[in-house]
Amino acid sequence: MTILHGGPSAQGGPPAPATAGTVPPPALADGVQLIGETKGSGYKKAPSLVRRSDGQTIQLTRLLYLVLEAVDGRRSLEEIAQHAGKASGKPVSAGNIRTLIDTQLLPLGLLRLADGSQPEVKKSTPLLGMRFRYSVTDPERTRKLTSPFAALFNPLIVVAVTAAFLATCWWVLMVKGLASATHEAFANPGLVLLILLVTVLSAGFHEFGHAAAARRGGATPGAMGTGLYLLWPAFYTDVTDSYRLGRAGRIRTDLGGLYFNAIVAVAIMAVWWATGFDALLLVVATQILQMVRQLLPMVRFDGYHILADATGVPDLFQRIKPTLLALIPWRKTDPEAQLLKPWARAVVTVWVLVTVPLLAFSLVTMVVTLPRILGTAWDNGWKQQAMLSQSAAAGDFADAAVRVLAIICIALPVLAIFYILLRLVRQVVTGLWQRTRGKALQRGTAIAAIAALTAGLAWAWWPGAESYRPVQPYERGTLADATTAIFPADSDRGMKQGQAGRTVALWPQGARKPTREEPQLSMVLLPRYTPAPTAGTGTPTSAPPWVFPFAQPETPAEGGNQSLAVNTTDGSVTYDVAFALVWAEGGDDVRNRNEAYAFASCTDCAAVAVGFQVILIVGQADVIVPENLSAAANYDCLRCLTYALASQLVLTLDGPLSSDSMSRLQALWQQIAEYGRNLQNVPLSEIQGKLEGFKEQIIELVRTDPSAAPGGAGIPTTSPAASPGATQSPSPEATVPSSPGVTVAPTPNPTLAPAPTSDPDPDPSQSAAPTAPVPAPSPGGETAPAPAATTDPPAP
């Protein structure tokens, strides 16, 4: 269909002059484009699209579009009525045309005013729309820039690039990994800037993909530019003309940007292949992340447009209200709910039912967590500013540039939250005020609701002791944690691991009490969970039976730490993890034992036990005989895995740690405890190395403390043991998924404090099937392997 622009060149000359007492013929406003009927529409009656000079695209009925099609600045109302009536097959009078012009087309800003002047139009600004657009290229320049790239949509090239991209993703994410790339990049701030620059350029190249795809289908792309989307810088390409294409052409246009991201990833992979420069692999990761983000259909990213074009519903957000109203039983016959074809209505309904709760949840979470976000942003902003000052003073301008970008990245989300909330409040208040004009009762109710909402926000954001505290590394940030302050945990139900709650602590009179900012080491005693006995038997309902031909390990003595994982359930996984930090003072003997035992008697199962103990001896001790033991055994096992690792560190200190070192130790131990809580997600081949790294950090912390420099020997020991099933092949990257029970027991007790263990899970045998077993890491240095045994049942 020919595009009709307002103005003499598009309308065959200036409008005919009006004589005295006559109304001039209607004329299109400047810049109006008639796009045509939507192909593959999800509406029962496909709408026609018209675009104004300000870029706003408007859906019109068939009759209104025919009227605009006949308007050329010369035809009279009678002539326009004849054209519209003939094309629509319905009788249309000049009076009908005048009514449509006055009530529909003039208010939409599609026609010139009666005096020949241009109408004033106000473009809608949806909450989730792009703002502050700035065009970089005009349509002609866009066409010239992107035309050569249209050849990349040749089917053979598309198949080759897609296959290469999938292979790249698999190799980078599953084989090579990003650890070395991350280390290499962040060791050199200049590389971070380079990666950021390439990522930004690839985002611009993403828009080339949309424009080139539109050209490939026969549409003409419009301007390209940049703007702010929710206060984040973003690029855009005007591809409104793609609505002239069929469904396949529009979807190709939507996918064009993602396709060009894949091209960038493959090209970067080729550069890495030639140079071996690992930091480049981070660009591949950023392309994958961009593509995943773009596919989200909840906001106006590529995924949203893909869904809109696949269903033939141009603006899904306009369908939210009619769709929700149509779910009300007595509103099912509402004409607005019957506009879409049945299959399109079903798809849009599912989209609405997913999107609306997610957006509402995001909004509520944003409001509730805003104080913590502000506190965290303020704290990290000052840290980055301090590092910026140091970098500038040292003349390291690359690192200074990285710090400036970090400060910007910290500030932008906070500004975005305030921007969204302010716009939302403004829209809600303005809408309520307009809709309740002349309705005193409804306006009073609206004012009361706004006042209640304001009071709720004031209560949620009121400064308090914990309100604006920065998020700490040891916090998990789960939904339960976010709601604990509003809905406290029920203490009568008992505490579970990781659950926030309240307890009672006893402190000596006059002693300084710990705070969250200045914590102190303390001892926590948690009994191992014991299931209720079966009626009439006295036997625990879910305790694993002891079927092994050797005695069960004894309960650890005072100051001992023991991890015991026993699995006798087929197709399950049992984890038991015990971490303990023990202090010894007063010259008492140090005979602490750290034990890890993993025993299994089942099929397709696994038992994993990890014991980690740190003993800090303050002052002189005449007897220091710590023990570090691990054992793993399979009995009557088929395709099973047992893995036990005992790791122990013993250090002597000349004196107590300084307050600064004590705080650092506490923070480090919180990190160690968090690692233990998530141990089920770590490959077994990496556990020993990670624990050795924690040991080195503790040794370095003590060594650099002037008041507690060790005067005796440090004794780090590690005792791994693993016993895989006879038919299982070892895999160095295998991970056994389950939920560990972790006990962290730090204590400043002047003698020796016991390190209790805890398993909060009432059923230690999980239902997850084990993956391939992992052999124990090869011992080296001061590592001493403990005995591992495989015991078979006696022959019948």
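Reader: How much of the protein counts as buried?
Author: Of its 796 residues, 41% count as buried. Keep in mind that this is a predicted model.

Reader: And the surface, how much is exposed, and what share comes from carbon and sulfur?
Author: The protein exposes about 41,000 Å². Carbon and sulfur atoms supply 63% of that area.

Reader: How many helices and strands are there?
Author: The protein has 18 helices and 15 strands.

Reader: What share of the contacts with a separation of 6 or more is between residues 24 or more positions apart?
Author: Such pairs make up 76% of them.

Reader: Let's look at the sheet with E1, E2 and E3. Open or closed, and parallel or antiparallel?
Author: It is an open sheet of three strands in the order E1-E2-E3, and the pairing is antiparallel. Strand E1 (33-37) and strand E3 (57-60) are the edge strands, each pairing on one side only. On average, neighbouring strands of this sheet are turned by 25° against each other, with direction ignored.

Reader: How many bridges between E2 and E3?
Author: Four bridges, with strand E2 (residues 48-51) and E3 pairing in the antiparallel sense.

Reader: Which residue in E3 does Arg 51 stand opposite?
Author: Thr 57.

Reader: Which helix lies across E1, E2 and E3?
Author: That is helix H2, residues 62-70. H2 runs at about 140° to E1.

Reader: Which H2 residues are buried?
Author: Leu 64, Tyr 65, Leu 66, Val 67, Leu 68 and Ala 70.

Reader: What do the buried residues of H2 pack against?
Author: They pack against the strands E1, E2 and E3, and also against two helices, H3 (77-88) and H4 (94-105).

Reader: Change of topic: H14 and H15. At what angle do they pack, and how far apart are the axes?
Author: Helix H14 (residues 397-435) packs with helix H15 (residues 440-461) at an angle of about 160°, and their axes are 9 Å apart.

Reader: Parallel or antiparallel, then?
Author: Roughly antiparallel, because of that angle. The cut-off for this is an angle over 145 degrees.

Reader: Is the crossing left-handed or right-handed?
Author: H14 passes H15 in a left-handed crossing.

Reader: Which residues meet there?
Author: On the H14 side they are Leu 421, Val 429, Leu 432, Trp 433 and Arg 435. In H15, the residues they meet are Gln 442, Arg 443, Ala 446, Ile 450 and Trp 461.

Reader: Why give both an angle and a distance for a helix pair?
Author: Because two packed helices are described by the angle between their axes and the distance between the axes.

Terms used
Residues are numbered from 1 along each chain as its sequence is written. This is a predicted model: local features need pLDDT of at least 70, side-chain atom pairs count only at pLDDT 80 or more; totals for chains, interfaces and linings use all residues. Side-chain values use heavy atoms; hydrogens and water are left out. Buried means under 20% relative accessible area, exposed over 50%, partly exposed in between (1.4 Å probe, protein chains only). Contact means heavy atoms within 4.5 Å. Accessible areas come from the Shrake-Rupley method with a 1.4 Å probe; for residues, only the protein chains shown count as cover. Two strands pair if DSSP finds at least two bridges between them. Axes are lines fitted to C-alpha atoms, for helices over the stretch in contact, and angles run from 0 to 180 degrees between N-to-C directions. Angles under 35 degrees count as roughly parallel, over 145 as roughly antiparallel, 65 to 115 as roughly perpendicular and the rest as oblique. A crossing is left-handed if the near helix is turned anticlockwise from the far one by less than a right angle, and right-handed if clockwise.
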